Amino acid sequence: MDSDDAYYMESGGEDNIYSDDYNERYVEESVDKATMISTHGSQINYVVLKEEDIRRHQKDDIGRVTSVLCISEVEASVLLLHYHWSVSKINDEWFADEERVRKTVGILEEPVVVNVVPKPRGKFKQRRVTCGICFDSFLPKDFASVACGHRFCSTCWTRYISIAINNGPGCLLLKCPAYPSCPAAVGRDMVEKLVSDQEDKDKYDRYFLRSYVEDNRTMKWCPAPGCELAVDISAGSGDSYDVSCLCLHRFCWNCTEDAHRPVDCETVSQWIRKNSAESENTNWILANSKACPKCKRPIEKNHGCMHMTCTPPCRHQFCWLCLGAWKDHGESSGGNYACNRYAAGKLKGLFDEAERKREMAKNSLERYTHHYERWEGNRKSRQKAMEDLQNLKSEKLKKLSEIQGEPETQLVFITDAWLQIIECRRVLQWTYAYGYYLPESDHDKREFFEFLQGKAESYLEMLHNYVEMESEVFYTAQGPEGFMHFRSRLADLIRTTKTYFGNLVKALENGLAAVE
């Protein structure tokens, strides 16, 4: 083992970022049914919130605003929605200018319109009132209004609120139908009172719940398909935002892409855009085709002689090398597999620029393909490892326990090995994006990076192959001595791989400062 290799094998210690982050040695406590997770090495503190936790936080915030400002819960909800659930900002604004806040948000102290119930004409006949929206006449009891006093019939109110709900989350900041002349807010009490369709009520309730997360600067929803959990990350968590949801999905809280340490979010964004963009198609066309001299459509030559015929309706015949008309070619020009004109022109430098551009495009394409194929290969290997881990937990672990006569709790080292492989595959996957954007002109860093990457890959392959192949024999036969050796050897490989990858992550996050 050379000195550089030994350094990256031995310098993990207590400060090993990866060992704490990967191995999920989290401090897990029950904090009012939420899960507080603390990753010591990377200084990340975050809480995974379930729906009941979010609702409880909403209720607590509404209660705080209600008690401090001496207003109703409905008015407190309107304030919190307007100020993006920031209790401190509400307090500052309210005590600075209460009247302005009330007018801006739409929680009025006094009605704008004073409604007088018309006196009945007869002894038992009550006068009817005309609705300002549909212009039908109704009894006064069939009308409703918010704080402003503008009265409309219950049917129009129901239709108005339902349309707003079906138009999206904007219904949470709904104003009186007389808006813009009336700024009065429509609170949750009006929705509960007037909306009869349970589906619309559920939608409104869902928007209200989601607003607490989406308007909060420290909260985000888990991006995993079907997951309805949120992650609340504490301020000052450092440069790394990799978090683990209770659904087992690991993602970057900052950009919500899959966890991507040691690569920063900007590099990940560039890499994803590059993978989905048309630029590589253009490079491929430039590197592997030439434009027809007549119609300019790109043509690929994958085999055969230099005599090219463009597709219909063009059908132009030309020489692949010099792009001249084929009618001017023949035995005197070099036959079907050569072109004297091209050779003579190349000596004069006539084709240098075109060849240079084509060669540059080809090199760029080959470099991108090299990194992308290995990035994608590790991604697929990680997915396969996750499937193997699930299979181990659901079937194979129980079977191994019965055959070897050991409780499943004593076989957790195999699970640890697969977790190690899954995380190492993720790290190795993103090192290829890191390497792609590493400047080619920085030869020392590139050489050092490729050395570290190659060593990391060899250690990971050793661990992966060992746990995948060597363990199979123990699922069919007893062998205490062999099994103990397998356990010891696997523990050594886990420790070695963990230490090496931990220091690899630190080296890349520090910009390969060891080179300097």
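Are F152 and W157 buried or exposed, I asked as I opened the notebook, and which of these words fits each of them? I found that F152 is buried and that W157 is buried as well. I should write down at once that I am working from a predicted model.

**Entry 1: the rings around W157**

I looked up how the rings of F152 and W157 are placed, and I noted that their centres are 6.1 Å apart and their planes at 70°, so the pair is edge-to-face. I then went on to W157 and Y160, which form an aromatic pair that is also edge-to-face, with 6.1 Å centre to centre and 75° between the planes. Both W157 and Y160 lie in helix α7, which covers residues 154-166, and they are three residues apart, about one turn of the helix.

I wanted to know how much of each ring residue can be reached from outside. W157 has a relative accessibility of 0% and therefore counts as buried, since the cut-off for that word is under 20%. Y160, with a relative accessible area of 25%, is partly exposed.

I also looked up the aromatic pairs of the structure as a whole, and I recorded 21 of them. Ring pairs link W271, Y368, Y372, W375, W430, Y436 and Y437 into a cluster.

**Entry 2: Q429 and what it touches**

From that cluster I turned to Q429, which lies in helix α14, residues 412-437. Q429 counts as buried, with 5% relative accessibility. When I set aside residues up to four places away in sequence, I found that Q429 touches W375, N378 and R379. W375 is also one of the residues in the ring cluster that I had noted before.

**Entry 3: the two sides of α5**

Which residues of helix α5 are buried? In this helix, which runs over residues 87-96, I listed V87, I90 and W94. Looking down the axis of α5, I saw that these buried residues fall within an arc of 55°, so they line one face of the helix. D92 and A96, on the other side of α5, are exposed.

I next looked up what covers the buried residues of α5, and I found that the cover includes α3 (51-69), α4 (73-82) and α6 (98-105). For α6 I went further, and I noted that the axes of α5 and α6 come within 5 Å and cross at roughly 115°. On the α5 side the contact is made by E93, W94 and A96, and on the α6 side by E98, R100, V101 and R102. Sorting the residues of this contact by kind, I wrote down three nonpolar, no polar and four charged.

**Entry 4: V112 in its loop**

V112 is found in the loop between α6 and β4, the latter being residues 129-130. With a relative accessible area of 55%, V112 is exposed. I noted all the same that V112 is in contact with A147 and C148, leaving aside its neighbours within four places in sequence. The C-alpha atoms of V112 and G149 are separated by 6.0 Å, although these two residues are 37 residues apart along the chain.

**Entry 5: backbone angles I checked twice**

I reminded myself that most residues other than glycine have a negative phi, and that most peptide bonds are trans. With that in mind I looked up the exceptions below.

The peptide bond from R261 to P262 is cis, with omega near 15°, and P262 sits in the loop between β11 (250-252) and α10 (265-276). The peptide bond from P312 to P313 is cis too, with omega near 5°, and P313 lies in the loop between β14 (307-309) and β15 (317-319).

C70 is not a glycine, yet its phi is positive, at about 60°. This residue, C70, belongs to the loop between α3 and α4, and its relative accessibility of 69% makes it count as exposed. L512, also not a glycine, has a positive phi of about 55°. L512 lies in the segment after α16 (480-509), and at 1% relative accessibility L512 counts as buried.

**Entry 6: the protein as a whole**

Last, I looked up some totals, and I counted 16 helices and 15 strands in the protein. Of its 516 residues, 44% are buried. The accessible surface of the protein comes to about 28100 Å², and 50% of this belongs to carbon and sulfur atoms. Among the contacts with a separation of 6 or more, 56% are between residues 24 or more positions apart.

Key:
Residues are numbered from 1 along each chain as its sequence is written. This is a predicted model: local features need pLDDT of at least 70, side-chain atom pairs count only at pLDDT 80 or more; totals for chains, interfaces and linings use all residues. Side-chain values use heavy atoms; hydrogens and water are left out. Buried means under 20% relative accessible area, exposed over 50%, partly exposed in between (1.4 Å probe, protein chains only). Helices (H or I, at least four residues) and strands (E, at least two) are DSSP runs, numbered from the N terminus. The arc is that of the directions from the helix axis to the C-beta atoms. Contact means heavy atoms within 4.5 Å. Axes are lines fitted to C-alpha atoms, for helices over the stretch in contact, and angles run from 0 to 180 degrees between N-to-C directions. Ala, Val, Leu, Ile, Met, Phe, Trp, Tyr, Cys and Pro count as nonpolar, Asp, Glu, Lys and Arg as charged, and the others, Gly among them, as polar. Accessible areas come from the Shrake-Rupley method with a 1.4 Å probe; for residues, only the protein chains shown count as cover. Rings of Phe, Tyr and Trp (its six-membered ring) pair if their centres lie within 6.5 Å; planes under 30 degrees apart count as stacked, over 60 as edge-to-face and the rest as tilted.
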